[in-house]
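Me: I'd like to go through the labels on this structure one by one. Can you show me the reasoning behind each?

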Amino acid sequence: MDAKCVVDLLYWRDIKKTGVVFGASLFLLLSLTVFSIVSVSAYIALALLSVTISYRIYKGVFQAIQKSNEGHPFSTYLDSDVALSEELVQKYSNVALGHLNCTMKELRRLFLVEDLVDSLKFAVLMWVLTYVGALFNGLTLLILALISLFSIPVIYERHQTQIDHYLGLVKKNIKDAFAKIQAKIPGLKQKAE
């Protein structure tokens, strides 16, 4: 799946396809709020098996009635190669390793206070996250993220000029507030932009 397919999915270019992906993802996350992951996985596997077994029996009966010899209804899928290539696994492992190493270096830098301002910003973020964690659990945040992922791009696309205008005002106010704070706290140098 390339980037264009993902963008088309998030911008609802094909409403049926996006609806299925969004609905199935939301249903999965909502199911996980009620049932354990083991139960949800078992129910999904049972539903899939019941559909495929029913279809296989239907095609077998249909072939027996028509006396045709079409073969197994899933033969094209059974004959296809589903193995992951070593190059593909190596490629994504290297990408994941690069991200992991970068994250570890950044966390080391933040926790060992290489830059006081950045470490303070990180501390404030962690403090805010304690309140977010008290209000929401992880699945609720995933559900909100999924809904946002499928709605914010479309809303932004429709109202881009108004949103850009107000975001510009917010950025200016935040920049002014940080400048005032940095001016009042001794020892904090403003970084060159």
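Reply: Sure, patches to start with: they are made of residues with over 30% relative accessible area and no salt bridge, where like charges are joined within 9 Å and nonpolar side chains (Val, Leu, Ile, Met, Phe, Trp, Tyr) within 5 Å. This is a predicted model, where local features need pLDDT of at least 70, side-chain atom pairs count only at pLDDT 80 or more, and totals for chains, interfaces and linings use all residues. Residues are numbered from 1 along each chain as its sequence is written, and side-chain values use heavy atoms, with hydrogens and water left out.

Me: Which residues form the nonpolar patch on the surface?

Reply: Leu 49, Ile 53, Ile 57, Val 61 and Ile 65, with about 500 Å² of accessible area together (Shrake-Rupley method, 1.4 Å probe; for residues, only the protein chains shown count as cover).

Me: Why is Ile 53 called partly exposed?

Reply: Buried means under 20% relative accessible area, exposed over 50%, and partly exposed in between (1.4 Å probe, protein chains only). Ile 53 has 46%, so it's partly exposed.

Me: And why does Cys 102 count as exposed?

Reply: Its relative accessibility is 51%, and the cut-off is over 50%, so Cys 102 is exposed.

Me: What makes Asp 8 and Lys 4 a salt bridge?

Reply: The term needs a side-chain nitrogen of Lys or Arg within 4 Å of a carboxyl oxygen of Asp or Glu. The closest N and O atoms of Asp 8 and Lys 4 are 3.1 Å apart, so the pair qualifies.
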